[in-house]
Every structure is written in C-alpha cells, then in structure tokens.
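Visitor: I would like a close look at a single part of this model, taken slowly. Could you choose one strand, and then set a few individual residues from elsewhere beside it?

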Amino acid sequence: MSSFNKVVAVCALLMLVGCSSGRSYQTGMLDTVKLIVSGGEGYEADPEQIARIPYASILASIEGGPQGLLILSGVDGAKRRWTSADGVSLIVSHGRLQQIANWRKLEITGFRSEMPDPLPSMIRTKQAHFQYRIDLIPGYRENVVVNAVLTQVGREQVNILGIERELLHVEEEVASEDLDFKATNHYWLDPQTAAVWKSVQFPAPGMGAVQMNQAKPYRGGS
C-alpha cells in the first residue's frame, strides 16, 4: 500500500471512529494513527508492541492473505467493529463474524436472527442449532437463510502470541439452501468465560476463510 493510500485509509478510519454508534476508543488517536500507518499489510505480530498500545486489537487474515492488525473502532452492545489499515471492517459479536465492510470482493451488510446465538453457551452445551439471515453485495442478495449446527470437539492447546492456552474447540457446520453453500467454521473458546480467542470462519459463499486471533482483548463493559 502506498503512503498516500495509507493516509486515505487512516482518514477514513478516523471518520468511522468519530461516527460509530455506542462507545469507541477516541483518546490518544494520534498514537493509533501512527500504529496503523506503520503496520500495513503483512503486519508481523509483536507481543511487546501490542501490549504497549492502549487499544484493543485483533490479528486477522482474509482468504489466506497477509495478516493484519485491526484496531477496535466501535462498540455497540456486544458488537465490536475492527478496522484495518486499508479500511476493511469486520463486525464481530461474541466471536462470530457477522458483517464485512469495504472488502474488495464481497460485503455482508446485514445479519439478523430470531434466536440467541448459542456460541457463547457452547462451554456448557455439547451441541446446538442456530439459524440466521444475512444480506450480501454485490448482487443485493437479502434475507439469505443460513442454518448452523455447533458441536463441541474438546479442549486443545493453542498458541496465541507466544502464550499457550487451553481452549475449547467448537466446530460449526453451516449451510444455505438459498445459495447452495456449505462450510465448516472453527472457534476456540476460553472454557471459563466463553471468550473466543481464535476462529476460522467462512462467512459467505464465494469467499475463503477469515482467520481472527485476539491480540489485545477489549476490556470494557458489554
């Protein structure tokens, strides 16, 4: 990414943060700008650097692309908006990727469900069913029904930024008859708090995996 494009991306992020609903990290924004501009594509995780910055962050890659550091740019209830240096935003709730904005190939513009997401309760439940609807562009496909079956796999040792954690692995089989779409998502949860430390998700047909790891978890209220 050129320096000009990085500056444009940072300006877009500042506008997003200023306009986002709910609470958001706005103090010390200059430090965030410096971090994002210096991060760029293929950001190599530096646990010491991440620990020093006062902002919640995640590490993410899309479709096997370079890993990027995404900064928390908005909070709305249980939803967290994480934004990259090039302006891509991932909207996540309880570890589930619900929406994607400004991705070059596809955007998920809406997510709805008439039932609570069972993912947080999977630390106590062996299997659960879930149904939700998403809106996609291009094509303006609305109310696409997705059915999911979540199953406990068991506890595994997972390395997150050099720290070994014993996490509960949950598999999720998702399918949409509307789009002839099937995929398997993976989540690794803290067995006590249900916080999702790592996930590999296929959020929509025609899109590869999105992998997310917690770098510096958000410590605010819900």
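**Strand E1 and its surroundings**

Guide: In strand E2, Leu70 is the bridge partner of Ile58, and that pair is a convenient place to enter what is a predicted model. The bridge belongs to an antiparallel pairing of E1 with E2 (residues 68–76), which runs over 4 bridges. The two strands form a hairpin with 5 residues between them, and in the turn Glu63 has a positive phi of about 55°. E1 also pairs with strand E12 (residues 210–216), again in the antiparallel sense and over 6 bridges; in that pairing Ser57 stands opposite Lys216 of E12.

How much of E1 is covered follows from residue-by-residue accessibility: the strand spans residues 57–62, and 6 of its 6 residues are buried. In a regular strand the side chains alternate between the two faces of the sheet. In E1 one side carries Ser57, Leu59 and Ser61 while the other carries Ile58, Ala60 and Ile62, and the residues on both sides are buried.

Leu70, the partner of Ile58 in E2, leads on to a loop residue, since Leu69 and Leu70 are the residues that Ser84 contacts once its neighbours within four places in sequence are left aside. Ser84 lies in the loop between strand E3 (79–83) and strand E4 (89–93), and it counts as buried because its relative accessibility is 9%, below the 20% cut-off. Its side chain makes a polar contact of 2.3 Å with the side chain of Asp86.

Two further buried residues can be set beside this region. Phe130, in strand E7 (residues 127–137), has a relative accessibility of 3% and therefore counts as buried. Phe130 is separated from Met115 by 15 residues in sequence and by 7.4 Å from C-alpha to C-alpha. Beyond four places in sequence, the residues that Phe130 touches include Arg96, Phe111, Met115, Pro116, Pro118, Val146 and Leu150.

His169, in strand E9 (residues 163–176), counts as buried because its relative accessibility is 7%. The side chains of His169 and His186 are joined by a polar contact of 2.9 Å. Leaving out residues up to four places away in sequence, His169 touches His186 itself, along with Tyr187 and Trp188, and among its other contacts are Thr151, Gln152, Val153 and Glu156.

Note on methods
Residues are numbered from 1 along each chain as its sequence is written. This is a predicted model: local features need pLDDT of at least 70, side-chain atom pairs count only at pLDDT 80 or more; totals for chains, interfaces and linings use all residues. Side-chain values use heavy atoms; hydrogens and water are left out. Buried means under 20% relative accessible area, exposed over 50%, partly exposed in between (1.4 Å probe, protein chains only). A polar contact is a pair of N or O atoms within 3.5 Å; within protein, one must be able to donate a hydrogen and the other to accept it, and residues adjacent in sequence count only if both atoms are side-chain atoms. Contact means heavy atoms within 4.5 Å. Two strands pair if DSSP finds at least two bridges between them.
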